[in-house]
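I opened my notebook to go through this fold from the sheet inwards. Here is what I looked up, in the order I looked.

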Amino acid sequence: MTGTLRYGPWALVTGASDGIGRALSQQLAAQGLNVVLVARRRDALATLATELSTLHGVQTSVLAVDLGDAVGVDVVEQQTRTLDIGLVVLAAGFGTTGTVLETSSADEMDLLAVNVAAVMRLAHTFSSRLADRGTGALVLFGSIVGWQGVPGQANYAASKAYVQSLAEGLQGELRPFGVDVLAVAPGPVGSGFGARAGLDLGSATSPDTVARSTLAALGRRRTVVPGLQGKFLTAALWSLPRRWRSAILSRVISGMRRRSSASRPAAE
Ligand SMILES: NC(=O)c1ccc[n+]([C@@H]2O[C@H](COP(=O)([O-])OP(=O)(O)OC[C@H]3O[C@@H](n4cnc5c(N)ncnc54)[C@H](OP(=O)(O)O)[C@@H]3O)[C@@H](O)[C@H]2O)c1
């Protein structure tokens with residue numbers, strides 16, 4: 001069996017209601033995989049599920065849960081126990097923008113719950129299930145901001161550094177069990193991400209392009225940087241001292257920042 005079908009019959013995609021996760025769900029279904037769709041927005045997931053089964057004749061399962069809540073992660077673990085899932089894509093995540101003096105610690109803790117804690121728990125659970133199968137793949141979403149600290153997105157960049165490091169560690173741990181682990185580190189992508197993070201991302205890479213690069217790299221690469229912007233920024237910054245990279249990316253983020261998001265919150 002070739003292509004992503006070798007990871008079937010089921011894939012699980014978190015963040016499937018929008019952006020990169022939705023594009024990946026569409027491309028996986030087009031290749032014949034059944035898909036478990038996970039995010040909070042039930043209506044968006046239900047619409048996508050109907051689209052995938054109608055267009056591609058695949059089976060779908062919708063899990064509308066908040067991954068920022070440990071109970072939501074419990075539901076995903078329990079409801080997928082009997083499915084033969086061979087591919088796990090953990091794309092759910094969001095960014096915050098602003099300095100530590102402007103952002104609220106509650107929002108930053110929510111970010112850690114979704115971008116770090118839920119990713120760690122699901123990666124842990126599915127690593128074990130995939131290793132038991134003796135074949136499979138795990139895809140984790142970092143970001144090019146995760147290569148260094150970024151003033152103005154300090155906590156988001158730190159969360160993505162965690163994901164990149166986790167993926168690199170799991171690659172070595174799971175390879176002997178036949179499980180491929182891929183870290184995806186996009187640059188700016190035109191999805192729902194910008195609005196939630198308070199950024200105007202301009203001429204960003206499309207979610208479809210990110211999804212295509214991700215699937216093409218699966219089983220072949222350890223880290224993929226999809227899209228021209230991400231590749232250009234990575235190549236341009238790679239050889240610079242870390243603190244220069246931080247300063248340059250901070251200016252890039254500052255230039256993308258929406259004016260309304262640049263305010264200091266009331267004391268908590
Ligand atoms: N877009 C970029 O510029 C960019 C760049 C680098 C890395 N990334 C990373 O790529 C991944 C996908 O981002 P995207 O661009 O596709 O963003 P997006 O369009 O905003 O999609 C994010 C997805 O995550 C889900 N999600 C967010 N919070 C959740 C929660 N508490 N519980 C469950 N699901 C939740 C959202 O669904 P609901 O709202 O329905 O819950 C949505 O499906 C993220 O990890 C992001 O950090 C994005």
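These entries cover the sheet, the helices on it and one residue I was curious about.

**Entry 1: the sheet.** I kept in mind that this is a predicted model. I looked for the strand order first and found an open sheet of 7 strands, paired in parallel and ordered 3-2-1-4-5-6-7. Strand 3 (60-64) and strand 7 (223-224) stand at the edges; each has a single partner strand, so one side of each has no neighbour in the sheet.

**Entry 2: the strand 7 edge.** How many bridges join strand 6 to strand 7? I found 2, between strands that run parallel, with strand 6 spanning residues 179-184. For Val184, the bridge partner in strand 7 is Val224. Helix 7 (residues 207-217) packs on the sheet here, touching strand 5, strand 6 and strand 7. Its direction makes about 145° with that of strand 6.

**Entry 3: helix 1.** I then turned to helix 1 (residues 19-30), which lies across strand 1 (10-14), strand 2 (34-39), strand 4 (85-90) and strand 5 (136-141). I noted that helix 1 runs at about 165° to strand 1.

**Entry 4: Phe126.** I found this residue in helix 4 (residues 105-133). Is Phe126 buried or exposed? Its relative accessible area is 1%, and buried means under 20%, so Phe126 counts as buried. Setting aside neighbours within four places in sequence, I listed Leu12, Thr80, Ile85 and Val88 as its contacts. I also checked Leu87: Phe126 is 39 residues away from Leu87 in sequence, and their C-alpha atoms are 9.1 Å apart in space.

Key
Residues are numbered from 1 along each chain as its sequence is written. This is a predicted model: local features need pLDDT of at least 70, side-chain atom pairs count only at pLDDT 80 or more; totals for chains, interfaces and linings use all residues. Side-chain values use heavy atoms; hydrogens and water are left out. Two strands pair if DSSP finds at least two bridges between them. Helices (H or I, at least four residues) and strands (E, at least two) are DSSP runs, numbered from the N terminus. Contact means heavy atoms within 4.5 Å. Axes are lines fitted to C-alpha atoms, for helices over the stretch in contact, and angles run from 0 to 180 degrees between N-to-C directions. Buried means under 20% relative accessible area, exposed over 50%, partly exposed in between (1.4 Å probe, protein chains only).
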